[in-house]
Amino acid sequence: MKAIDNSIANCTIGSCRQTGRQNGSRGFTLVEILVVVVILGVLAGIVVPQFSEAASEANLNTLLGNLQTVRSQIQLYKVQHNDLLPGQATFGGDVTEAGFINALTNDATYGAYVNKIPENLFIADADDRVAITCVNDAAAIPTGNEGTGWWFNAANGDFRACSADHITY
């Protein structure tokens, strides 16, 4: 009897299908898998930078919102305490970090102006994100190298972010 052609070995009555492979194995070839991996790599290279830029923009918007909130609460404190800034015992007096934080978060007369000092997400060290550098010099400006998340000037009530790229906010 004549040998049956391998490509039509899977024929039944009414249908015939060709396997296309000599040994009948199923699965993907190495080339097919490599093509898929390369395509996924190209797509990831396009998408990932957009997500990191979006995260940075979200952090900046959070920073600006936090600055607006704290600045408005400093002004409210000043109005309710006869032009004293948070943490000042006398007009024009020095302010410590602990006094400033306590005045804003635990005022005996009017309650908390903020529940807690917000984090500056642009500071790498999590412990320093809520720390505040307090100065009392109207001409002083932050450098961004103070190692704290925030900067407060008791001479003029200026409250700023203390991260290097954001001291002008």
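Colleague: Let's start in the sheet of this predicted model. Which residue of β3 is the bridge partner of Trp150?
Modeller: Yes, the model is predicted. β2 and β3 run antiparallel, with four bridges joining them. Follow the bridge from Trp150 across to β3 and its partner is Ala161.

Colleague: β2 and β3 form a hairpin, then. Which residue in the turn has a positive phi?
Modeller: Four residues sit between the two strands of this hairpin. In that turn, a phi of about 80 degrees, a positive value, belongs to Gly157.

Colleague: And on the other side of β2: do β1 and β2 run parallel or antiparallel?
Modeller: Four bridges join β1 to β2. In one of the pairings, Val135 has Asn153 of β2 as its bridge partner. As for direction, β1 and β2 run parallel.

Colleague: Put the sheet together for me. Which are the edge strands?
Modeller: The sheet is open, with three strands in the order β1-β2-β3 and mixed pairing. Two of these strands each pair on one side only, and they are the edge strands: β1 and β3.

Colleague: How many degrees does the twist average from one strand to the next?
Modeller: This is for the open sheet in the order β1-β2-β3. From each strand to the next, the twist averages 15 degrees.

Colleague: Now the helices. What angle does the direction of α1 make with that of β3?
Modeller: α1 packs on the sheet, where it touches β2 and β3. Compare its direction with that of β3 and you get about 165 degrees.

Colleague: And α2: at what angle does it run to β1?
Modeller: α2 lies across β1, β2 and β3. Its buried residues pack against all of those strands and also against α1. Relative to β1, α2 runs at about 110 degrees.

Colleague: Within what arc do the buried residues of α2 fall, seen down its axis?
Modeller: The buried residues of this helix, which spans residues 97-105, are Phe100, Ala103 and Leu104. An α-helix has 3.6 residues a turn, so residues three or four places apart point the same way. The buried residues of α2 line one face of the helix because, seen down the axis, they fall within an arc of 90 degrees.

Colleague: Back to Asn153. Why does it count as buried, and at what relative accessibility?
Modeller: Asn153 lies in strand β2. Beyond its sequence neighbours, it is in contact with residues including Leu85, Val135, Ala140 and Asp158. Buried means under 20% relative accessible area, so Asn153 counts as buried at 0%.

Colleague: Which residue's backbone nitrogen lies 2.9 Å from a polar atom of the side chain of Asn153?
Modeller: Asn153 is in β2. A polar atom of its side chain lies 2.9 Å from the backbone nitrogen of Ala155.

Colleague: What C-alpha separation do Asn153 and Asp137 have?
Modeller: Along the chain they are 16 residues apart. Asp137 is also one of the residues in contact with Asn153, as are Asn136 and Ala138. Their C-alpha atoms are separated by 6.7 Å.

Colleague: Phi values next. In which loop is the place of Asn82, given its positive phi?
Modeller: Most residues other than glycine have a negative phi. Asn82 is not a glycine, yet its phi is positive, about 55 degrees. Asp83 also has a positive value, near 70 degrees. Asn82 is placed in the loop between α1 and α2.

Colleague: Is Asp83 buried, exposed or partly exposed?
Modeller: Asp83 is in the loop between α1 and α2. Asn82 is exposed, with a relative accessible area of 71%. Asp83 has 42% relative accessibility, so it counts as partly exposed.

Colleague: What about Gly144: how far apart in space are it and Asp165, C-alpha to C-alpha?
Modeller: Gly144 lies in the loop between β1 and β2, and at 15% relative accessibility it counts as buried. It touches Cys162, Ser163, Ala164 and Ile167. Gly144 and Asp165 are 21 residues apart in sequence, while in space the gap is 7.4 Å.

Colleague: What is the relative accessible area of His166?
Modeller: His166 is in the segment after β3. It touches Leu60, Leu63, Phe122 and Ala161. His166 is buried, and its relative accessible area is 9%.

Colleague: Last one: how many disulfides does a search of the whole structure find?
Modeller: Cys162 is buried at 1% relative accessible area, whereas Cys134 is partly exposed at 22%. A disulfide needs a pair of cysteine sulfur atoms within 2.5 Å. Over the whole structure, the number of disulfides found is zero.

Technical notes: Residues are numbered from 1 along each chain as its sequence is written. Side-chain values use heavy atoms; hydrogens and water are left out. Buried means under 20% relative accessible area, exposed over 50%, partly exposed in between (1.4 Å probe, protein chains only). The arc is that of the directions from the helix axis to the C-beta atoms. Contact means heavy atoms within 4.5 Å. Two strands pair if DSSP finds at least two bridges between them. Axes are lines fitted to C-alpha atoms, for helices over the stretch in contact, and angles run from 0 to 180 degrees between N-to-C directions. A polar contact is a pair of N or O atoms within 3.5 Å; within protein, one must be able to donate a hydrogen and the other to accept it, and residues adjacent in sequence count only if both atoms are side-chain atoms.
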